[in-house]
Amino acid sequence: MTSTSTPPGLARFNAIEEHAAFTALHEACASTAWAKRLLAARPYATPEALYAASDAAMAELTAEDLAEAMAGHPPIGRPKPGDPTSAREQRGMAGASDALKAEMLELNLAYQEKFGHVFLICATGRTGEQMRDAVRERIGNTPEREREIVRTELGKINRIRLARLVEED
């Protein structure tokens, strides 16, 4: 692995000290188990190798690990104040009507009451209406089915966040 074949952001991630790398990973996904698995597999030759490691780590997360990861995500329509990542990812709700925002709040609360965690969806590139339709559809799922959908959605979010991490100059 040479620095000319490794993207600069990935080379930097591979080279930073362990605590800083763990912090960067934990900002991408709040699961400690996921971050530790990715950290242990450094260095990565390509971004694709990092994404594959992320997918493999995601598949191994326990229900408790998933709960920890989900706790790092704000409800759709209410990004964390001062958090540019959640604001960027939830941009589809930014221009939503007051009625749609109110409906999304009600749906988020109903979903959280049923499943015990926030409604998690890879919101990047989705409109407010698409997110609303998804929560309407998924609220009827069994907890087991929903946990696997959440695992898939979280994997998509992690890939987007890792891409931003390793593609930065």
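A crossing of two helices is called right-handed when the near helix is turned clockwise from the far one by less than a right angle, and left-handed when the near helix is turned anticlockwise. Keep that in mind for the close-ups below, which show a predicted model.

**Figure 1. Helices H2 and H10 cross in a right-handed sense.** The axes of H2 and H10 lie 9 Å apart, and the two helices pack at an angle of about 140 degrees. That angle makes H2 oblique to H10, because only angles over 145 degrees count as roughly antiparallel and the roughly perpendicular range ends at 115. If you are checking the handedness on your own screen, H2 should pass H10 in a right-handed crossing.

**Figure 2. The largest pocket draws on helices H2, H6 and H10.** This pocket has a volume of about 380 Å³. Its lining is made up of 17 residues, and those closest to its centre are Ala24, Glu27, Ala28, Thr85 and Arg161. Helix H2 (18-28), H6 and H10 are the elements that give two or more residues to that lining. Which of them gives the most to the lining of the largest pocket? H2 does, with four residues. For those thinking about chemistry, the lining divides into seven charged, six nonpolar and four polar residues.

**Figure 3. One cavity of 30 Å³ or more is held within the structure.** About 130 Å³ of space lies in this largest cavity. Of the 15 residues lining the cavity, His73, Glu89, Gln90, Ile121 and Ile157 lie nearest its centre. Two elements, helix H6 (84-89) and helix H10 (143-167), give two or more residues to the lining. H10 gives the most here, with three residues. By class, the cavity lining has nine nonpolar residues, along with four polar and two charged ones.

**Figure 4. Helices H5 and H10 meet in a left-handed crossing.** Their axes run 11 Å apart, and the packing angle is about 55 degrees. H5 is therefore oblique to H10, since an angle has to be under 35 degrees to count as roughly parallel and the roughly perpendicular range starts at 65.

**Figure 5. The second largest pocket takes lining residues from H5 and H10.** Its volume is about 150 Å³. Helix H5 (63-70) and H10 each supply at least two of the lining residues. If you would like to select the lining yourself, pick Ala63, Leu66, Ala67, Met70, Phe115, His117, Pro143, Glu146, Arg147 and Val150. Seven of these residues are nonpolar, one is polar and two are charged.

**Figure 6. A cis peptide bond joins Arg42 and Pro43.** The omega angle of this bond is about 0 degrees. Where does Pro43 sit? Pro43 is placed in the loop between H3 and helix H4 (47-60). The axes of H3 and H4 come within 9 Å and cross at roughly 140 degrees. That makes H3 oblique to H4, and the crossing of H3 and H4 is right-handed.

**Figure 7. Confidence across the chain is summed up by a mean pLDDT of 91.** As many as 97% of the residues reach 70 or more. Which elements have the lowest and the highest mean pLDDT? H6 has the lowest, at 77, while helix H3 (residues 32-40) has the highest, at 98. A friendly reminder before you zoom in: where pLDDT is low, the predicted coordinates should not be read in detail. H6 is also one of the elements that give two or more residues to the lining of the largest pocket, and H6 does likewise for the largest cavity.

Terms used:
Residues numbered from 1 in each chain as written. Predicted model: local features only at pLDDT ≥ 70, side-chain atom pairs only at ≥ 80, totals over all residues. Heavy atoms only, no water. 1 Å grid on protein atoms, 1.4 Å probe; cavity = no way out; pocket = protein on both sides within 12 Å on 5 of 7 lines; lining within 4 Å. Points joined across faces, edges and corners; volume = space filled by probe spheres on them. Nonpolar A, V, L, I, M, F, W, Y, C, P; charged D, E, K, R; others polar. pLDDT = per-residue confidence, 0-100. Axes fitted to C-alpha atoms, helices over the stretch in contact; angles between N-to-C directions.
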